[in-house]
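Reader: I should like to learn how to read pockets, salt bridges and buried polar groups in a model. Could we take them in turn?

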Amino acid sequence: MKFNKKNKKGFTIVELVIVLAVIGILTAILVPTFVNLVNNAQRAENQTFVKNLNTQMAVLENDPTYKIKDEETGEDIIIGGENHTMYDAIIDAKEIGHDVEKLTPVNNNEIIWDSVANRFAIVTSDFNPANPTDKSTVVYSDGGIKGKNHELWKIYTAETMPATQTFSIYAKKDAWNVANAASGVSITSEGDETKVSVSGLKVGFDVGFNKNFASISYDHSDSSDIRDVSIRTNGAETVLTINTETDSVNHFDKLGKLILTETPYDCFYEWGKTAYAIADKGKIVAKAGGVLDVVYATSAAVSLQEDGGSIGRALCVSTSTTEASDSGYTKFSNSKGGNVTFEYKDENGSSYTPETITEIGNAAIEASKPAVEIDHVFTDEDIEALAENPNYLLRVNGQYYESLDDVFTLTEDGNVILGTQDIYLLNNVFAHMTLAALGTFNATIDLNGFNLVLQEGFGGFVYGPSS
């Protein structure tokens with residue numbers, strides 16, 4: 001059989017080139033269109049997300065009594081009303097099931113929080129916080145961006161914290177314990193814990209949900225750029241140092257130690273709770289809800305004022321000179337609008353020294369730390385004992401008791417070895433005792449998930465199930 005070559009079908013080179021050219025043209029047209037469609041959809045989703053957040057914040061602003069349960073303590077905390085920190089705004093978002101820290105806008109856009117408007121916004125990477133009215137760099141905002149520079153907040157990690165600070169800084173959760181930290185961020189290890197120190201701050205700072213900040217230092221002075229910044233900490237382990245000749249600093253939430261090297265007499269505002277403050281120069285004002293347990297004025301250049309808040313103790317070291325006497329401290333303080341009287345002697349009439357004041361301050365820090373609870377798991381013996389007697393409330397040195405009263409009775413009778421007692425709660429317990437009785441033995445108490453309520457009173461020991 002012979003094949004007729006004229007009947008053989010196929011594509012010529014020219015035809016293939018034409019087909020490929022057409023495919024290339026279609027790809028060039030359709031792929032960007034498809035990418036734009038995806039980006040537009042994601043952008044619309046981001047905008048809807050932020051719009052919902054802002055709607056939620058508007059609702060809570062108008063309900064200052066709105067409460068939620070604190071995830072750590074189980075206590076009711078008020079989140080309604082005005083937001084003072086970005087942490088507050090993020091808590092508002094969590095209330096409707098959104099995690100702002102995990103939001104990643106498309107096209108390298110960024111989410112920011114406008115503290116003046118109390119609203120979130122989406123901006124481009126070219127957004128300049130010094131010129132927030134440039135609409136070409138604002139992807140979405142609710143009625144325009146009202147704040148500028150440090151009044152605008154952005155989420156950072158230890159690696160992305162900028163050397164030149166314009167936005168105020170919100171610390172992203174679990175992103176500040178890395179080895180490659182930016183300039184101004186120091187990471188150290190203390191046993192199994194990683195501690196973070198931030199220095200050279202020129203803007204506001206919020207630790208967010210992180211619990212490992214050891215120290216934070218604010219250092220900015222510029223008479224042509226006077227700032228009113230906010231700093232939020234969340235624990236007694238943190239030391240905050242403030243050194244500024246021009247700026248006002250607002251502190252929120254919990255703080256162990258404040259070192260006030262210098263502030264103007266307008267000033268450092270306490271809205272949260274500080275256990276111990278050391279002040280060299282400047283003014284401290286306890287605002288509504290603000291508490292400072294102990295303040296040590298190292299010179300008669302410190303003014304203290306209670307303006308809706310409280311200052312527990314104002315201590316100084318008095319000398320023979322009029323200016324540095326206790327009355328001199330108070331007189332100077334009052335001249336700057338203060339209203340707190342300084343103490344220079346203890347209850348026994350002994351004059352304070354820097355060492356004794358330091359001891360008092362450190363004790364205040366320790367007292368402000370939360371109680372340590374040991375996570376004890378019930379033993380098989382515990383389960384068997386409770387099966388035999390459901391009225392058992394605790395185990396002491398391997399023995400089971402229905403009340404602490406039984407333990408103390410046995411102690412008095414010599415049937416329990418005096419010394420340290422290991423106590424494990426098997427149910428909720430209240431203890432009604434005199435302070436003197438607390439010294440009868442030392443107890444290491446494992447709460448075991450239950451509550452031990454100590455009530456100061458009189459009349460010996462009365463123990464039983466908590467009400």
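Reader: Which strand gives the most to the lining of the second largest pocket?

Author: The model under discussion is a predicted one. As for the general idea, rolling a probe the size of a water molecule over the atoms shows where empty space is left. In this case the second largest pocket has a volume of about 340 Å³. Its lining comprises 17 residues, and those closest to the centre are Glu82, His84, Ser115, Asp228 and Ser230. Strand E12 gives the most to this lining, namely three residues. Strand E12 covers 228–243 and strand E13 covers 248–262, and each of the two supplies at least two lining residues.

Reader: How many residues of each class make up the lining of the second largest pocket?

Author: The lining has nine polar, five nonpolar and three charged residues.

Reader: Let us turn to salt bridges. How many does the structure hold, and what should one examine in each?

Author: There are 15 salt bridges in the structure. A salt bridge is read from a side-chain nitrogen of Lys or Arg that lies within 4 Å of a carboxyl oxygen of Asp or Glu. One may then examine where the two partners lie in the chain and how accessible they are. Take Arg119 and Glu61, whose closest N and O atoms are 3.3 Å apart. Arg119 belongs to strand E4 (residues 119–123) and Glu61 to helix H1 (residues 13–61), so this pair ties together parts that are 58 residues apart in sequence. Arg119 is buried, with a relative accessible area of 14%, whereas Glu61 is partly exposed at 27%.

Reader: Which elements does the salt bridge of Asp293 with Lys273 tie together?

Author: The closest N and O atoms of Asp293 and Lys273 are 2.5 Å apart. Asp293 lies in strand E17 (residues 291–297) and Lys273 in strand E15 (residues 273–279), so the bridge joins parts 20 residues apart in sequence. Both partners count as partly exposed: Asp293 has 22% relative accessibility, and Lys273 has 35%.

Reader: Where do the partners lie in the salt bridge between Lys287 and Asp307?

Author: Here the closest N and O atoms of Lys287 and Asp307 are 2.7 Å apart. Each partner sits in a loop: Lys287 between strand E16 (282–286) and E17, and Asp307 between strand E18 (302–306) and strand E19 (310–316). The pair links distant parts of the chain, 20 residues apart. Lys287 is buried at 17% relative accessibility, while Asp307 is partly exposed at 33%.

Reader: Which residues are joined into one network by salt bridges that share partners?

Author: The network consists of Asp206, Arg232, Asp253 and Lys254.

Reader: What is the case of a buried charged residue that has no salt bridge?

Author: One looks for the nearest side chain of opposite charge, and then for other polar partners. Glu101 is buried without a salt bridge, and Lys94, the nearest side chain of opposite charge, is 6.0 Å away. That distance does not meet the 4 Å cut-off for a salt bridge. Glu101 is placed in the loop between helix H2 (86–95) and strand E3 (110–114). Its side chain reaches the backbone nitrogen of Lys173 at 2.7 Å.

Reader: Finally, is Asn210 buried or exposed, and which backbone atom does its side chain reach?

Author: Asn210 is buried, with a relative accessible area of 4%. The residue lies in the loop between strand E10 (205–206) and strand E11 (213–219). The side chain of Asn210 reaches the backbone oxygen of Lys172 at 3.2 Å.

Note on methods: Residues numbered from 1 in each chain as written. Predicted model: local features only at pLDDT ≥ 70, side-chain atom pairs only at ≥ 80, totals over all residues. Heavy atoms only, no water. 1 Å grid on protein atoms, 1.4 Å probe; cavity = no way out; pocket = protein on both sides within 12 Å on 5 of 7 lines; lining within 4 Å. Points joined across faces, edges and corners; volume = space filled by probe spheres on them. Helix = DSSP H or I, 4+ residues; strand = E, 2+ residues; numbered from the N terminus. Nonpolar A, V, L, I, M, F, W, Y, C, P; charged D, E, K, R; others polar. Buried < 20%, exposed > 50% of the residue type's maximum accessible area, 1.4 Å probe, protein only. Lys, Arg positive; Asp, Glu negative; His and termini not counted. Polar contact = N/O pair within 3.5 Å; in protein donor to acceptor, adjacent residues only side chain to side chain.
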